[in-house]
Amino acid sequence: MARTPVLSTRVLLVCAAIGVATGIIGGIAGLLTPVVLITAPWAYGLLLGSHVLPGIIAQEVLRRPLVALVTHLIAALVASAFNPAWALRFIGTALLFGAIQEGVAALTRYRAWGPWRFFISAAVIGVIVAVVVFFAAHLATLPLWAQIAYLVLAVLGPIGWTAVGLGVGTALSRAGVARR
């Protein structure tokens, strides 16, 4: 007797569609990154926060294990087409963000799908991104106001993008994307 796969063809196709759409957004964010880092490095966290979209939308629509990770990886491959030199950065970000989103969902055994759960993963991502990028990009050399602005936007960026992702996911569910 054949087993039911964890990720059916329907689920994988929905993940692929979401991944392509959000990968285009990620690719555009990647193209804007050098401009933002040169002109307004304190706003980089807001731009980087857009990379939470694939997992948030996929989990809101499908509410299944592994959909955030799969969708993030597809989005990273699409984003890599915009800037192939950053392919490993896109994939690394996808693995990190997808793993955090899956981890928070796994803590609730994939049973709690309230907005609070999505915002917890966004806050965790925001704090990690804020700290890592702050030191990796040597943002301590910026004026104090810019350092504070960066830290605030780096934490709030993923939270704001999560709200956008939940709105998109809810609209897709209402449109019938998640129907069986």
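Which classes of residue, nonpolar, polar or charged, make up the lining of the largest cavity? The lining has seven nonpolar and six polar residues. Charged residues are absent from this lining. The model examined here is predicted.

The search for enclosed space gave one cavity of 30 Å³ or more. The largest cavity holds about 100 Å³ of space. Its lining consists of 13 residues. Those closest to the cavity centre are His51, Pro54, His72, Ala75 and Ala76. Three helices each supply at least two residues of this lining: α1 (9-39), α4 (67-82) and α5 (87-107).

Open space was examined next. The largest pocket has a volume of about 430 Å³. A set of 20 residues lines this pocket. Nearest the pocket centre lie Tyr44, Leu48, Arg89, Thr93 and Val133. At least two lining residues come from each of α1, α2 (44-48), α5 and α6 (115-136). Helix α5 gives the largest share of the pocket lining, with six residues. By class, the pocket lining divides into 14 nonpolar residues, five polar residues and one charged residue.

The two linings can be set side by side. Helices α1 and α5 each supply at least two residues to the lining of the largest cavity. Both helices also supply at least two residues each to the lining of the largest pocket. Helix α4 is among the contributors listed for the cavity, and helices α2 and α6 are among those listed for the pocket. The cavity lining has no charged residues, whereas the pocket lining has one.

Conventions:
Residues numbered from 1 in each chain as written. Predicted model: local features only at pLDDT ≥ 70, side-chain atom pairs only at ≥ 80, totals over all residues. Heavy atoms only, no water. 1 Å grid on protein atoms, 1.4 Å probe; cavity = no way out; pocket = protein on both sides within 12 Å on 5 of 7 lines; lining within 4 Å. Points joined across faces, edges and corners; volume = space filled by probe spheres on them. Helix = DSSP H or I, 4+ residues; strand = E, 2+ residues; numbered from the N terminus. Nonpolar A, V, L, I, M, F, W, Y, C, P; charged D, E, K, R; others polar.
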